[in-house]
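Welcome to this short tour! Open your viewer, get ready to select residues by number, and follow along stop by stop.

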Amino acid sequence: MTKFEKTPLGEVPAADKNRWDLVIHYMEPILPFYKDPTIDEIMVNRYDSIFVEGRQGMQKTNATFPSEKHLQRFISQMSIVLNQDAEKADVIDARFPDQSRACYTLPSVTPSGATATIRCAPKETLTFNDLVSFGSLTQEMCDYLQERVGSNDNVIVSGSTGSGKTTLLRALAEFIPDNERVLICEDTQELFLDVPNCIPMEAPKRAGSSIDLSFLIKTTLRQRPDRVFVGEIRDAFACDAFLQVINTGHGGCCTSIHANNPESAVKRIQYLLTKEGLISYELAGREVMNSVNLLIQADKTRNGKRITNISRVSNDKGRVECVFRYNESSDTHIKEL
C-alpha cells in the first residue's frame, strides 16, 4: 500500500516527498499566496513581476523570485517530479498534488523570461450562502436556481476566464438530490463536486491517447447517469456530445462555455458546430433552444464577481428571456420576469 505524507501542496507519495520538498523550496516566494484560501490565481509574469487574483480582485505583489535562474529551477523541479522533459518543452502544463494546475512558459516563447500561471485548487467549497454574502447574487436568485435544478433544467454557465463559472457549477451541485448519480467530464479536473454518487473523469493528455472530452461525454451514456456535468466546452466535438446527452432524455445536465452573455453562448455553440461542418448554423440554433433550459452569465465587474444574468429559454417563443439581470452602477440585481 502506497504511503502518503502531507505537504503544503497536498498529500504526496512518501517516496516522492524529497522531490516535492525541492519544489516547495524553489516556490518559496509565492508559497504564501498558494496557501491563502482567498487567492484563486498566481501570475508570475517575470521572476520579479508577480500578480495574484482573488476575492479582492487582481493585485500586484511585492514578492519576487531571487533571479530568473531560480524561477526556471522551480519549473524544472516540477517537471522532474511529474516526469516531464522541461528541456524539450517550451510550454509545460502541470498539476500539483492538491489538484491546483499550472501553465509554465520558457524564454523560447516568452523572451522576457520564464512565466508561471497557477490556478489554485479551492481550499474550501463556496456555497450559495457564501455567494449571496459576497453579493454575487441575491437569495431570490438562489431560490430560483434551486427550483430550476430540482426541475432538471439543463444549464449552460457562460463567462470569461476567472469569472466564477466553475465556482457556480460546484454550487449548483448543492441542489442535486442525494439519490441521483452524477457523471463529471473535464479536460482538467477542477469541479470536485460534493455529491455522494459520482464518477469524476478526466481526458488524459498523453501522446497517442484517443480519449478526449467528447469521448468521455459519450462514455457517460454507458454508466447510468442521472445528470452529466461537463467542466467546460471548448470545441465542436465536445459540444456535439453534450447536446447528444441532453437530447437522450438526461435532464439536469450542466456545462460552461466562454461567452459574453447568454445570447452569445448560444451563438458560440452554433459557431463551434458549424465551423467543423457537423450541422448547419440554423439547425444548431434549434438544437440548443430545444435542449437547454437555463443560461447563466458570470462576470468580473468593478464590484467583484457577479452573476450578471439568468435567462430561461422559451421553447414556444423560440427566444432567450432574461429573468434576472445585474446593474453594475448600483451593484444590484433586478428581477425582469
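## Stop 1: a helix under cover

Start with helix H10, whose buried residues are covered by elements that include H8, H9, S15 and S16. Please keep in mind that you are looking at a predicted model. To find H10, select residues 281–291. Which of its residues are buried? They are Ala284, Gly285, Val288, Met289 and Ser291.

## Stop 2: a loop beside the helix

Now select Asn315, which sits in the loop between S15 and S16. Asn315 is partly exposed, because its relative accessible area is 42%, and the partly exposed range lies between 20% and 50%. Show its surroundings and look for Met289 and Asn290, which Asn315 touches, leaving out residues up to four places away in sequence. Then draw a line from the C-alpha of Asn315 to the C-alpha of Arg286: the two are 9.4 Å apart in space and 29 residues apart in sequence.

## Stop 3: the open sheet

Next, switch to a cartoon view. Nine strands make an open sheet with mixed pairing, and their order is S11-S10-S12-S13-S9-S14-S15-S16-S17. Select 198–202 for S11 and 332–335 for S17: these strands stand at the edges with a single partner strand each, so one side of each has no neighbour in the sheet. On average, neighbouring strands here are turned by 20° against each other, ignoring direction.

Zoom in on S17 and on S16, residues 319–327: the two pair in the antiparallel sense over four bridges. One pair to pick out is Arg325 with its bridge partner in S17, Ile334.

Now add helix H5, residues 139–150, which packs on the sheet and touches S12, S14, S15, S16 and S17. The direction of H5 makes about 45° with that of S15.

## Stop 4: the nonpolar cores

In soluble globular proteins, nonpolar side chains tend to be buried together. Here, the largest nonpolar core has 34 residues. Select Cys185, Ile217, Val228, Val230, Ile269 and Leu295, which have the most contacts inside this core. Which element gives the largest share? That is H8, with eight residues. H10, your starting point, is among the elements giving two or more residues to this core, as are S10 and H9.

Pick Ile269 for a closer look: beyond its neighbours within four places in sequence, Ile269 is in contact with Ile156, Cys239, Leu243, Ile257 and Val288.

Finish at a second, separate core of 33 residues, where you can select Met27, Phe65, Leu71 and Cys120, among others.

Methods:
Residues are numbered from 1 along each chain as its sequence is written. This is a predicted model: local features need pLDDT of at least 70, side-chain atom pairs count only at pLDDT 80 or more; totals for chains, interfaces and linings use all residues. Side-chain values use heavy atoms; hydrogens and water are left out. Two strands pair if DSSP finds at least two bridges between them. Axes are lines fitted to C-alpha atoms, for helices over the stretch in contact, and angles run from 0 to 180 degrees between N-to-C directions. Contact means heavy atoms within 4.5 Å. A nonpolar core is a set of buried Ala, Val, Leu, Ile, Met, Phe, Trp, Tyr and Cys residues joined through side-chain atoms within 4.5 Å. Buried means under 20% relative accessible area, exposed over 50%, partly exposed in between (1.4 Å probe, protein chains only).
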